[in-house]
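Colleague: Got a minute to go through this one with me? I'd like to start with the overall layout and then pick at some residues.

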Amino acid sequence: MTEGRAMSDGGREENTWIRRYQPTPGADRRLVCFPHAGGSATFFRPLALALSGVVDVVAIQYPGRQDRRTDPLIDSIPRYADAVAEALADWTDLPLQFFGHSMGAILAFEVALRFQREDIMVTHLFASGRSAPSFLRTDAVHRLDDDALLKEMAALGGTDQRLLVDDELLRGALPAIRSDYKAIETYSCAPDAVLDCPVTVLTGNGDSRVSQAGAAAWSNHTTAGTRFTTFPGGHFFLSEQLPAITTLITAEPGPAPHQAAQSA
């Protein structure tokens with residue numbers, strides 16, 4: 001399979017939103033990965049390969065980048081969540097766990113809420129590098145001019161190195177980056193929006209964008225308990241802490257036998 005292409009399975013049609021880099025037959029759960037603002041599904045390819053043989057991993061590919069560069073952009077988290085929930089409808093044959101980083105953590109939360117209302121099982125949410133949905137932030141990066149936005153991206157890290165060394169390519173990616181930032185920076189969440197699955201909150205000890213209070217507030221958005229794990233590193237600690245994060249995910253119990261049977 002060519003990197004960046006969706007994979008058909010069991011009659012499942014190819015879907016521009018979904019990437020699966022390493023199918024895992026016999027897995028008892030599926031981990032759905034949601035990238036950060038401006039990110040792409042390939043950010044999670046190392047994690048998918050690391051979990052190969054244990055967990056079936058798929059990643060969400062947002063419009064406006066890579067092979068979806070001509071697709072219409074989305075600048076609203078609710079509209080993003082509606083589209084992703086629809087795209088994942090054919091991937092619910094296994095109990096689902098969600099892993100979202102930064103903007104992806106909020107998007108994963110919103111998709112999980114939608115699935116919960118439809119009685120589709122999401123057994124765990126891993127919320128990485130993001131304050132809780134109802135925690136107030138006043139960022140306005142999407143309003144910056146192009147040069148200032150590029151400076152912000154470089155300072156934050158996590159941008160594909162191929163973009164950073166190619167100014168034309170990077171500026172071509174700016175509309176999608178700006179659209180994602182608008183989506184997350186204009187998002188608001190009701191304090192009573194609550195999941196019924198456990199939430200594991202992952203943070204970097206050098207990430208100034210996620211305060212202790214912001215991380216702790218995730219406990220207000222689940223009835224099933226919250227765990228907190230801090231790793232060395234900044235906002236994109238995932239890239240440096242892949243072995244530890246892989247261990248954390250695999251150590252999380254899969255669905256109970258009766259839950260797995262309900263999803264089969």
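Modeller: Sure. Seven strands make an open sheet with mixed pairing, in the order β1-β3-β2-β4-β5-β6-β7. Keep in mind that this is a predicted model.

Colleague: Which strands stand at the edges?

Modeller: β1 (18–19) and β7. Each has a single partner strand, so one side of each is left without a neighbour in the sheet.

Colleague: And which strands does helix α3 touch?

Modeller: Helix α3, residues 103–117, packs on the sheet and touches β2 (30–34), β4 and β5. The direction of α3 makes about 150° with that of β4.

Colleague: Let's talk about β6. How many of its residues are buried?

Modeller: Six of the six, for residues 199–204, so β6 is largely enclosed by the rest of the structure.

Colleague: What covers that count, face by face?

Modeller: Both faces are covered. V199, V201 and T203 are buried on one side, and T200, L202 and G204 are buried on the other.

Colleague: How many bridges join β6 to β7?

Modeller: Six, and the two strands run parallel; β7 is residues 226–231. V199 has T226 as its bridge partner in β7, and V201 stands opposite F228.

Colleague: What about β5 and β6, parallel or antiparallel?

Modeller: Parallel, with four bridges joining β5 (residues 122–128) to β6. One pair to look at is S128, which stands opposite L202 in β6.

Colleague: Switching topic. Where is Q97 found?

Modeller: In strand β4, residues 96–101. Q97 has 1% relative accessibility, so it counts as buried.

Colleague: Which side chain does Q97 have a polar contact with?

Modeller: That of R29, at 3.4 Å.

Colleague: D180 next. Is it buried or exposed?

Modeller: Buried, because its relative accessibility is 0%. D180 is in helix α6, residues 167–185.

Colleague: Which side chain makes a polar contact with D180?

Modeller: R65 does, and the distance is 2.8 Å. R65 is also among the residues in contact with D180 once neighbours within four places in sequence are left aside. The others in that set are H36, A37, G38, G39, Y62, I74, Y80 and M103.

Colleague: Now α9. Which of its residues are buried?

Modeller: In α9, residues 242–251, the buried ones include I245, T246, L248 and I249. These four cover an arc of only 160° around the axis, which puts them on the same side of α9.

Colleague: Which exposed residues sit on the face turned away from that buried side?

Modeller: P243 and A251.

Colleague: I noticed some cysteines. How many disulfides does the count come to?

Modeller: Zero. As for burial, C189 counts as buried because its relative accessibility is 15%. C197 is buried too, at 3% relative accessibility.

Colleague: Last one, A89. Where is it found?

Modeller: In the loop between α2 (77–87) and β4. Its relative accessible area is 44%, so A89 is partly exposed.

Colleague: What separates the C-alpha atoms of A89 and I120?

Modeller: They are separated by 9.3 Å, and the two residues are 31 residues apart along the chain.

Colleague: Great, and if I want one thing to look at again on the screen?

Modeller: I'd go back to β6, where both faces are covered by the count of buried residues, with β5 and β7 each joined to it in parallel.

Methods. Residues numbered from 1 in each chain as written. Predicted model: local features only at pLDDT ≥ 70, side-chain atom pairs only at ≥ 80, totals over all residues. Heavy atoms only, no water. Buried < 20%, exposed > 50% of the residue type's maximum accessible area, 1.4 Å probe, protein only. Polar contact = N/O pair within 3.5 Å; in protein donor to acceptor, adjacent residues only side chain to side chain. Pairing = 2+ DSSP bridges. Contact = heavy atoms within 4.5 Å. Axes fitted to C-alpha atoms, helices over the stretch in contact; angles between N-to-C directions. Arc of directions from axis to C-beta. Disulfide = S-S within 2.5 Å.
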